[in-house]
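Here's a set of worked exercises to go through with the model open beside you. Try each task before reading its solution.

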Amino acid sequence: MGTITELPTPAHSLLQLMWLASPALPIGGFSYSEGLEAAIDHACVSDEASAAQWLTDQLLLSQARSDMPVVAQAVPAWRSHDAARVQALNQWVLSTRESSELRLQSEQMGQSLTSWLRNQHAHDAVATQQVQVLAQLCDRTPTYPVAYALAASFTQAPVHDCLLSYAFGWAENMVQAAIKAVPLGQSAGQRILARLVADIPHAVATAQALPDDARTAFSPMLAILSARHESQYSRLFRS
């Protein structure tokens, strides 16, 4: 028997995923450092090497085990119109944010992406209905991973490619945060991004392989630093 070859992502869908990963998307991702600014303030991160290690650990130990598995499970749920599954995943995200800042980020970016989707698909009855379902199911607090999954579900891309887009968008935002806050030069930022890009396929594979009972948002140092950031004397970012 021959092996089954996965068809490449159609060009239009690939462009849509690139659009979703763009830092120019008006959802406020540039406003957040996800604890990185607090890590800098407490001398956990001070240069290119420590910033690269911090973000790599955050990708592989946090994102790959929490929000990325949610995206991996929410995309097929949206495509199969499984409202109960979407609602459960959204509630999991809300209940696992370990600081008010992390919850605020997920809610604000989720709501902004929902508004963007509503405008983008205003003339598509099916897509508009899905966006309305998102708002209703999530008690008007759609989280970013679940809203992103809805946006990605409108493409013809496989879940694997949706996750690559999600992870790259996260990586690019975080590298820009490091450049501003450490601070670092643009060349250093590009080297860190290259390191993250090399690790993203592994993070995607981890996320796709995790069942519900293995998904976890347990990142105690990140949670502590995020909580400390709420009262940090001077800061550039909202988290």
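**Exercise 1: the second largest pocket**

Helix α1 gives the largest share of the lining of the second largest pocket, 5 residues. Before going on, note that this is a predicted model: local features need pLDDT of at least 70, side-chain atom pairs count only at pLDDT 80 or more, and totals for chains, interfaces and linings use all residues. Residues are numbered from 1 along each chain as its sequence is written, and side-chain values use heavy atoms, with hydrogens and water left out.

Task: find which residues line the second largest pocket, and sort the lining by class.

Solution. Start with the terms. On a 1 Å grid over the protein atoms alone, a pocket is an open set of points with protein on both sides within 12 Å along at least five of seven lines, while a cavity is a set where a 1.4 Å probe fits but cannot get out; lining residues have an atom within 4 Å of a point. Grid points are joined across faces, edges and corners, and a volume is the space filled by probe spheres set on the points. Helices are DSSP runs (H or I, at least four residues), numbered from the N terminus.

- Step 1: the volume is about 160 Å³.
- Step 2: the lining is His12, Leu15, Gln16, Trp19, Leu20, Trp116, Leu117, Gln120, His121, Ala151, Phe154 and Thr155.
- Step 3: α1 and α6 (100–120) are the elements that give two or more residues to this lining.
- Step 4: by class, it has 7 nonpolar, 5 polar and no charged residues. Here Ala, Val, Leu, Ile, Met, Phe, Trp, Tyr, Cys and Pro count as nonpolar, Asp, Glu, Lys and Arg as charged, and the others, Gly among them, as polar.

**Exercise 2: the largest pocket**

Task: work out which helix supplies the largest share of the lining of the largest pocket.

Solution.

- Step 1: the pocket holds about 200 Å³ of space.
- Step 2: pick out its lining, which is Trp54, Asp57, Gln58, Leu61, Ser62, Arg65, Phe218, Ser219, Pro220, Met221 and Leu222.
- Step 3: α3 (48–62) and α11 (220–229) each supply at least two of these residues, and α3 has the largest share with 5.
- Step 4: the classes come out as 6 nonpolar, 3 polar and 2 charged.

**Exercise 3: the enclosed space**

Task: say how many cavities of 30 Å³ or more there are, and which helix gives the most to the lining of the largest cavity.

Solution.

- Step 1: the count is 1 cavity, with a volume of about 520 Å³.
- Step 2: 35 residues line the largest cavity, and Glu34, Gln63, Asp67, Gln105 and Trp170 lie nearest its centre.
- Step 3: α1, α3, α6, α8 (144–153), α9 (159–181) and α11 each bring at least two residues to the lining. α9 gives the most, with 6.
- Step 4: split by class, the lining has 18 nonpolar, 13 polar and 4 charged residues.

**Exercise 4: charged pairs**

Task: for the salt bridges of Glu48, Arg97 and Glu107, name each partner and decide whether the residues are buried or partly exposed.

Solution. Side chains of opposite charge can pair when their charged atoms come close. A salt bridge is a side-chain nitrogen of Lys or Arg within 4 Å of a carboxyl oxygen of Asp or Glu, and the count here is 5. Buried means under 20% relative accessible area, exposed over 50%, and partly exposed in between (1.4 Å probe, protein chains only).

- Step 1: Glu48 pairs with Arg191 at 2.8 Å, N to O. Glu48 is in α3 and Arg191 in α10, so this bridge ties together parts 143 residues apart in sequence. Glu48 is partly exposed at 25%, and Arg191 is partly exposed at 47%.
- Step 2: Arg97 meets Asp67, with the closest N and O atoms 3.1 Å apart. Arg97 sits in the loop between α5 (83–95) and α6, and Asp67 in α4 (67–79), so the pair ties together parts 30 residues apart in sequence. Both residues are buried.
- Step 3: Glu107 bridges to Arg103 at 2.7 Å, N to O. Both lie in α6, 4 residues apart, about one turn of the helix. Glu107 is buried at 17%, whereas Arg103 is partly exposed at 35%.
- Step 4: finish with the network, where salt bridges that share partners join Arg85, Asp212 and Arg215.
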